[in-house]
Amino acid sequence: MPSLIDLILEGTRQDQRPWPRAVIGPDVWNFAVSQIALDRWTLLGLWGEPSAVHMALFDESAPDVAVVSLDCPEGRYPSVGKHHAPAIRLERSIHDLFGLEPEAALDTRPWLDHGRWGVNFPLQDRIDVPSTAPAYRFLAAEGDDLHQIAVGPVHAGIIEPGHFRFTASGETVVRLEQRLGYTHKGIEGLMVGAPLERAAQLAGRTSGDSTVAYAYAFSRAAEAALQIEVPPRAVWLRVLLAELERLANHLGDFGAICNDASFALIHAHCSVLRELVLRAAETGFGHRLMRDIITPGGVTRDLDKDDETAIRVMIDEVTLRFPPLVELYDNTASLQDRTVTTGTLKPALARHYGAGGFVGRGSGRSFDARRTLGYPPYEKLRFDVPVLNEGDVNARVWIRIREVEQSLSLLNQILDRMPEGALRVQATPPGQRREGEPREGLAIVESFRGDVLAWLRLSGTGAVERCHLRDPSWFQWPLLEAAIEGNIVADFPLCNKSFNCSYSGHDL
């Protein structure tokens with residue numbers, strides 16, 4: 001079987017770093033689709049341009065990453081989703097944004113476009129007319145005594161909007177279908193023509209709970225394109241930021257899952273611990289969510305000794321107070337009754353969708369970009385990647401618990417080994433390049449939710465020509481639909497929070 005490198009050699013190589021990209025023909029495109037359909041390769045992303053589509057692939061056996069591109073001069077391309085279901089929603093979003101048609105597609109309904117933009121195909125040749133899209137058609141379910149329950153897009157809690165259409169037999173869920181796109185912000189359109197620093201800020205606003213991860217991924221992609229090396233202190237400060245973000249989110253999720261199982265005590269205590277992390281982040285970096293700290297070329301803010309002390313005090317406090325909460329969770333039978341065997345995601349399905357983060361690792365898929373692909377300085381740090389095979393809510397809770405423990409250890413290691421030195425270098429290409437000659441970069445960074453992918457093309461002047469950001473939730477939202485089947489409607493909030501997919505990151 002040809003490798004990803006062999007596939008790239010079939011096409012015309014482009015100047016993308018650190019992983020290659022090649023423009024290929026329809027036959028080679030179809031071959032790549034056949035490999036992901038057979039789970040020999042994993043689909044990492046699928047995105048468009050006005051007259052081309054790009055597909056990022058991962059070969060776990062190598063491990064290798066590559067991007068293949070197909071020109072679409074007539075506005076059509078062979079459907080990926082016809083053979084590989086994880087690509088269906090990505091194809092629908094490509095059509096909404098660019099008007100490109102996947103041939104023989106299984107689902108041609110709009111995805112991001114709700115008919116309220118006042119423009120069709122906003123990233124293609126703009127057609128400034130109101131959409132004439134018909135009312136959204138949910139998939140039918142047939143059977144005796146079935147009824148539908150519509151939930152959202154506005155919910156009771158202070159959360160993002162999304163619509164969930166349940167088909168149930170009594171209390172048992174027969175089918176769940178989601179409709180998202182309510183938080184579409186036009187991030188990719190805003191990126192076009194933006195200078196690097198502004199584009200990094202936009203990237204950090206793709207999903208607020210992962211602002212560090214997005215800015216990190218974007219910056220690494222830009223640095224790869226420009227072939228610049230970040231100062232060592234900035235490299236270590238970046239992973240400090242990333243682990244603080246991971247720790248805060250996992251603590252919040254652990255408590256919220258318990259709360260959805262009607263056990264508010266753990267939620268209250270986890271909220272306190274999460275607040276300690278956020279306050280330490282604000283003390284050290286001037287912002288509770290650490291927004292706009294990572295930028296191409298390095299970081300914008302340093303830690304002094306007092307800041308470092310504040311973070312160490314927080315680490316010690318969480319390390320002391322977290323284990324009793326874990327013990328309480330593990331020894332509360334009524335809580336275990338709600339989480340064990342609820343919302344089970346089969347490992348084969350997690351593998352097929354390339355699910356990352358706690359969703360994938362709770363169902364046997366061990367992918368973690370920090371280790372599987374690797375980026376500095378994680379190769380110098382000691383940490384484990386916890387993996388379980390049960391695939392239920394309980395497994396996803398335990399993955400979070402173990403990752404909290406790992407992040408606490410990593411934070412101590414990072415602070416102990418933090419080098420001195422500069423914080424930033426100028427984000428400009430080395431040497432001289434002809435005006436208009438583009439450079440491309442690709443990066444994959446592990447957020448608390450899973451792997452975030454960033455691909456961008458920079459003009460000869462350093463402005464962004466095109467950028468695509470792919471949230472891990474693209475491959476996790478559909479799995480929630482599968483995991484809830486056969487469970488009762490009342491368990492949906494619990495399953496939903498155990499996945500904790502991003503609405504905003506998915507909706508671009």
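## Exercises on strands, loops and buried residues

Thr-12 has Val-23, a residue of strand 3, as its bridge partner. The model is predicted: local features need pLDDT of at least 70 and side-chain atom pairs count only at pLDDT 80 or more, while totals for chains, interfaces and linings use all residues. Residues are numbered from 1 along each chain as its sequence is written, and side-chain values use heavy atoms, with hydrogens and water left out.

### Exercise 1. Strand 3 and its partners

Find the sense in which strand 1 and strand 3 pair, and the sense in which strand 3 and strand 6 run.

Solution.
- Step 1. Helices (H or I, at least four residues) and strands (E, at least two) are DSSP runs, numbered from the N terminus. Two strands pair if DSSP finds at least two bridges between them.
- Step 2. Strand 1 covers residues 12-14 and strand 3 covers residues 21-24; three bridges link them in the antiparallel sense. The Thr-12 and Val-23 bridge has its strand 3 end at Val-23.
- Step 3. Strand 3 is also joined to strand 6 (residues 64-71), by four bridges, and these two run parallel. Here Ala-22 faces Val-68 of strand 6.

### Exercise 2. A hairpin

Which residue in the turn between strand 10 and strand 11 has a positive phi?

Solution.
- Step 1. Strand 10 spans residues 163-169 and strand 11 spans residues 172-179; their antiparallel pairing has seven bridges.
- Step 2. One bridge sets Phe-166 against Leu-176 in strand 11.
- Step 3. The two strands make a hairpin with two residues between them, and in the turn Gly-170 has a positive phi of about 65°.

### Exercise 3. Unusual backbone angles

Locate the cis peptide bond that ends at Pro-18 and the one that ends at Pro-63, then place Asp-292 and Asn-500 in their loops.

Solution.
- Step 1. Most peptide bonds are trans, and most residues other than glycine have a negative phi.
- Step 2. Arg-17 and Pro-18 are joined by a cis bond with omega about -5°. Pro-18 sits in the loop that runs between strand 2 (16-17) and strand 3.
- Step 3. Ala-62 and Pro-63 are also joined by a cis bond, with omega about -15°. The loop that holds Pro-63 lies between strand 5 (52-59) and strand 6.
- Step 4. Asp-292 is not a glycine, yet its phi is positive, about 65°. Asp-292 belongs to the loop between helix 8 (264-285) and strand 12 (294-295).
- Step 5. Asn-500, also not a glycine, has a positive phi of about 45°. Its loop connects helix 16 (492-499) and helix 17 (503-507).

### Exercise 4. Buried or exposed

Decide whether Thr-211, Leu-202 and Asn-500 are buried or exposed, and list contacts for Thr-211 and Leu-202.

Solution.
- Step 1. Buried means under 20% relative accessible area, exposed over 50%, and partly exposed in between (1.4 Å probe, protein chains only). Contact means heavy atoms within 4.5 Å.
- Step 2. Thr-211 is in helix 6 (residues 211-226), and its relative accessibility is 1%, so Thr-211 is buried. Beyond residues up to four places away in sequence, Thr-211 touches Gly-204, Glu-245, Leu-289, Met-290 and Arg-291.
- Step 3. Leu-202 is in helix 5 (residues 196-203); its relative accessibility is 7%, so Leu-202 is buried. Apart from neighbours within four places in sequence, its contacts are Ile-187, Leu-190 and Met-191. Leu-202 and Tyr-214 are twelve residues apart along the chain, and their C-alpha atoms are 9.1 Å apart.
- Step 4. Asn-500 has 12% relative accessibility and therefore counts as buried. Asp-292, with a relative accessible area of 28%, is partly exposed.

### Exercise 5. The whole chain

Why does the radius of gyration of the protein agree with that of a compact globule?

Solution.
- Step 1. The radius of gyration is taken over C-alpha atoms, and the globule rule is 2.2 Å times the number of residues to the power 0.38.
- Step 2. For 508 residues the expected value is near 23 Å, and the protein has 22 Å, so the two agree.
- Step 3. The C-alpha atoms fill a box of roughly 70 × 60 × 45 Å along the principal axes, and 56% of the 508 residues are buried.
- Step 4. Among contacts with a separation of 6 or more, 68% are between residues 24 or more positions apart.
- Step 5. The protein has 17 helices and 16 strands.
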